Amino acid sequence: MTSFDYVIAGGGSAGCALAARLAEDPSVSVCLVEAGGKGRDLFICMPAGNGFVFGNPRLDWGYTSVPQPSLNGRSIYFPRGKALGGSSIVNGMIYMRGVPADYDGWQMPGWSFADVLPYFRRSEGSRNRRDAWHGADGPLKTEPARNFGEMERAFLEAAVIAGHKQIDDFNGPCRTGIARNDSTVSNGVRQSAAISYLSNPPSNLMLRTHTHIARIVVENGKAVGLETMDGDVIHAAREVIICQGAFGTPQLLMLSGIGPADHLTKHGIKVVTNLPSVGAHLSDHPDVSMHWGSERLDLSPAKYQRFDHAARLMGHWLLNGGGHGGGAFFSTVLFHALEDPALPELEVYMTPMVVEENLSNGAAETIPLMQRLGRKLLVRGRKMARPGVQIDINLERPRSEGTVYLASADPRAHPVIDPNYFADPMI
């Protein structure tokens, strides 16, 4: 058994930031435990390499929902990062906070927007903004989205003509409108939580990767450590902190006997604490994509799924972090408010390509050799891109709530995820 002052379960965005901040005190010891690897893979660092991470079982947990009645029985695929950095290794790299009204609406002491803004500023290292809303010296580097070209400018201009307000900063005083977004990218490198916070870990911070946690060790009603799948116990002298995300955190709590008693008993787990709310109140943001095809491959990042084009893209990026490979493909976003401009309900993304994320579609598609090679070698068929325009409409404030429960008492089994989309008639 090993012992530390603080033991953190999960090396995602929260876990990385917490570990780094706690370890700033040289008098304490911190252990961060992560089931995946170190999160420094080439395609994690390269922003345009997202298609190689998505669906890769070494880097993505690959969760799926139960069949959804409101979606004609379809199951939804949930990519989740499996490495230090968590889902910040697979996200779209858009730097976006909540609007001030989100935090003020919680009515929790210490969590108003005025309370949290100094911490946003402290964490951010903006390359282009110098004002009261942003920080310039923080570990999480941000910059204007790089891949902002002809199609993005056309979308912005069309939105303005349609009556939307053009704004400069989604993290400033106004959210409702259209703008070029900021990215968590710096000098052509994805700024995952691990790259941002753990590039130079201090000697009092241990990073235990490839370590799957089986349960929280509870003694006399207090969490005192974590037990790994191989039976090792990592003891915490001060605190055990759980940072395994919306799916992993309730799963680990229930595996440890903390959750709804009837559900735990059903799976043969001894009840430590009956907490019916564990696993309840899951809230997800449904996203609807609309696709328009095009023959203008020259205007679309889809051209980089050709093997020869991808090789040039990679070479340019490896040389100096430059080119399209050094930027996220999301660069233009629109927020629309149906009622209160301070609380926009819809977030709209425009991407100058059609992205097919269904893992089975296209298996028998006839495409040129170079494109087929690119898909096979670079994205493993998980995402197929075609020239065109994709408009994604994301519901910002869903009212339907779902659940995350255990499939079994086996820590290796994925949880049962039911987002329960559109169950509430008010959405």
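Helices and strands are DSSP runs, numbered from the N terminus, with at least four residues for a helix and at least two for a strand. The legends below describe close-up views of a predicted model.

**View 1. Thr142 in strand S6 and its side-chain partner Glu124**. Thr142 has its place in strand S6, which covers residues 140-144. With a relative accessible area of 0%, Thr142 is buried, since buried means a value under 20%. The side chain of Thr142 is in polar contact with the side chain of Glu124, at a distance of 3.0 Å.

**View 2. The ring pair of Trp61 and Tyr63, with Lys82 over the face of Trp61**. A search of the whole structure yields 13 aromatic pairs. In the pair formed by Trp61 and Tyr63, the ring centres lie 6.2 Å apart and the planes meet at 5 degrees, so this pair counts as stacked; the class of stacked pairs takes in planes under 30 degrees apart. Trp61 is partly exposed, having a relative accessible area of 21%, whereas Tyr63, at 7%, is buried. Lys82 is placed over the face of Trp61, at 4.7 Å from the ring centre.

**View 3. Tyr103 and Phe113, a tilted pair between two helices**. The ring centres of Tyr103 and Phe113 are 5.9 Å apart and their planes stand at 40 degrees, so the pair is described as tilted. Tyr103 belongs to helix H4 (residues 100-106) and Phe113 to helix H5 (residues 113-123), so the pair ties together parts that are ten residues apart in sequence. Both Tyr103 and Phe113 are buried. These two residues also belong to one aromatic cluster, which they form together with Trp106, Trp111, Phe120 and Trp133.

**View 4. Arg175 over the ring of Phe335**. In this close-up, Arg175 lies over the face of the Phe335 ring, at 5.0 Å from the ring centre.

**View 5. The largest cavity and the residues that line it**. When the whole structure is searched for cavities of 30 Å³ or more, one is found. The largest cavity holds about 50 Å³ of space. Its lining is made up of Asp284, Pro286, Pro398, Ser400, Pro419, Tyr421, Phe422 and Ile427. Sorted by class, this lining has six nonpolar residues, one polar residue and one charged residue; because Asp counts as charged, the charged residue in the lining is Asp284.

Terms used. Residues numbered from 1 in each chain as written. Predicted model: local features only at pLDDT ≥ 70, side-chain atom pairs only at ≥ 80, totals over all residues. Heavy atoms only, no water. 1 Å grid on protein atoms, 1.4 Å probe; cavity = no way out; pocket = protein on both sides within 12 Å on 5 of 7 lines; lining within 4 Å. Points joined across faces, edges and corners; volume = space filled by probe spheres on them. Phe/Tyr/Trp six-rings, centres within 6.5 Å; stacked < 30°, edge-to-face > 60°. Buried < 20%, exposed > 50% of the residue type's maximum accessible area, 1.4 Å probe, protein only. Lys NZ or Arg CZ within 6 Å of the ring centre and 35° of its normal. Polar contact = N/O pair within 3.5 Å; in protein donor to acceptor, adjacent residues only side chain to side chain.
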